[in-house]
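Trainee: I am new to this structure. Please show me how to read its empty spaces and its packing.

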Amino acid sequence: MRIDGDGTDVGGDGPAPAPAPEPAPAPAPDLDPDPVSARLATRLGELRAERGWSLGELAERSGISRSTLSRAERVEISPTASLLNRLCAVYGRTMSQLLSEVEAEPALLVRAADQAIWEDKASGFVRRSVSPPHAGLRGELVEGRLAAGADIAYDRPPVPGLEQHIWVLEGALDVTAQDVEHRLDAGDCLRLRVWGPTRFGCPGPEDVRYALAVVLP
């Protein structure tokens with residue numbers, strides 16, 4: 001054993017110094033994401049790759065940050081309805097068309113129990129695709145649900161001039177389009193062409209359920 005000038009053991013057969021503790025491992029990513037979310041993330045990456053866009057180029061076109069786009073394509077986050085709406089606008093698709101592209105096979109008949117449901121937990125919005133999915137749909141029927149007090153805003157339509165028929169089935173719904181607010185009660189139906197921002201809100205006290213018919217221009 002050799003002792004350094006300050007009395008520190010620097011060699012020999014004395015007890016070795018304790019090893020430095022290893023850094024704690026980073027949290028493991030979710031290895032079992034929701035299957036629909038995983039397929040959607042893959043499709044979003046494919047659409048970007050088909051156009052030869054980098055994440056930075058897509059961020060400029062969509063107004064969504066590069067990091068958010070990257071995390072969405074890696075299934076690290078679940079995209080919100082507003083985020084998907086922006087991406088649909090960039091890719092020239094309605095949301096139903098995009099979601100239909102992650103289904104295995106299009107069908108002519110979809111039973112109620114098999115209709116695809118997508119939820120935006122951040123805004124309290126639940127979307128049921130009632131129409132049998134197909135990428136070439138020009139008309140489609142969607143059921144929407146908003147929790148009491150929930151509010152969801154879209155900064156643009158997925159396709160400019162999109163025609164919508166909004167029929168409230170239960171509860172009340174506030175719809176704002178072209179800076180005009182419409183209060184819809186059960187049984188009321190609003191028809192509009194969407195060119196700019198829209199907002200859907202549920203004033204309560206109960207949740208609202210409505211049917212949305214969408215027709216491509």
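**Reading spaces and packing**

Mentor: Start with the pocket that has the greatest volume. The lining of the largest pocket has 6 nonpolar, 3 polar and 4 charged residues. Keep in mind that the model is predicted.

Trainee: What volume does the largest pocket have, and which residues lie nearest its centre?

Mentor: The volume of the largest pocket is about 280 Å³. Its lining is made up of 13 residues, and Ser37, Ser78, Trp118, Glu119 and Lys121 lie nearest the centre. Two elements, H1 and S1, give two or more residues each to this lining. S1 gives the most, with 4 residues.

Trainee: How does one find such spaces in general?

Mentor: Rolling a probe the size of a water molecule over the atoms shows where empty space is left.

Trainee: Which residues lie closest to the centre of the second largest pocket?

Mentor: Glu103, Val110, Asp114, Ala116 and Pro133 are the closest, out of 20 residues that line the second largest pocket. The volume of this pocket is about 240 Å³. H5 and S3 are the elements that give two or more residues to its lining, and the largest share, 3 residues, comes from H5. By class, the lining of the second largest pocket divides into 10 nonpolar, 6 polar and 4 charged residues.

Trainee: Now the enclosed spaces. How many cavities of 30 Å³ or more does the structure hold?

Mentor: A cavity is a space where the probe fits but cannot get out. The structure holds 3 cavities of 30 Å³ or more. The largest cavity has a volume of about 300 Å³. It is lined by 22 residues, and the closest to its centre are Asn85, Met95, Tyr154, Gln164 and Leu212.

Trainee: Which elements give two or more residues to the lining of the largest cavity?

Mentor: They are helix H5 (95-100) and the strands S2 (125-129), S3 (139-146), S5 (162-170), S9 (198-201) and S10 (208-215). S3 provides the largest share, 4 residues. The lining of the largest cavity consists of 12 nonpolar, 6 polar and 4 charged residues.

Trainee: What lines the second largest cavity?

Mentor: Its lining consists of Val36, Leu99, Val102, Glu103, Ala116, Ile117 and Trp118. By class, that is 6 nonpolar, no polar and 1 charged residues. The space in this cavity is about 50 Å³.

Trainee: Trp118 has come up before. Is tryptophan 118 buried or exposed?

Mentor: A residue counts as buried under 20% relative accessible area. Tryptophan 118 is buried because its relative accessibility is 10%. Tryptophan 118 belongs to strand S1 (residues 117-120). Leaving aside neighbours within four places in sequence, tryptophan 118 is in contact with Pro79, Thr80, Ala81, Leu84, Met95, Leu99, Phe125, Val126 and Arg127. Valine 36 is 82 residues from tryptophan 118 in sequence, yet their C-alpha atoms are 8.7 Å apart in space.

Trainee: Last, helix packing. At what angle do helix H1 and helix H4 pack?

Mentor: For a helix pair, look at the angle, the distance between the axes and the side chains that meet. Helix H1 (residues 35-50) and helix H4 (residues 81-91) pack at about 35 degrees, with their axes 11 Å apart. Their crossing is left-handed. Leu40, Leu44, Leu47 and Arg48 in H1 meet Leu84, Leu87 and Tyr91 in H4. The contact of H1 with H4 has 6 nonpolar, no polar and 1 charged residues.

Methods. Residues are numbered from 1 along each chain as its sequence is written. This is a predicted model: local features need pLDDT of at least 70, side-chain atom pairs count only at pLDDT 80 or more; totals for chains, interfaces and linings use all residues. Side-chain values use heavy atoms; hydrogens and water are left out. On a 1 Å grid over the protein atoms alone, a cavity is a set of points where a 1.4 Å probe fits but cannot get out, and a pocket is an open set with protein on both sides within 12 Å along at least five of seven lines; lining residues have an atom within 4 Å of a point. Grid points are joined across faces, edges and corners, and a volume is the space filled by probe spheres set on the points. Ala, Val, Leu, Ile, Met, Phe, Trp, Tyr, Cys and Pro count as nonpolar, Asp, Glu, Lys and Arg as charged, and the others, Gly among them, as polar. Axes are lines fitted to C-alpha atoms, for helices over the stretch in contact, and angles run from 0 to 180 degrees between N-to-C directions. A crossing is left-handed if the near helix is turned anticlockwise from the far one by less than a right angle, and right-handed if clockwise. Contact means heavy atoms within 4.5 Å. Buried means under 20% relative accessible area, exposed over 50%, partly exposed in between (1.4 Å probe, protein chains only).
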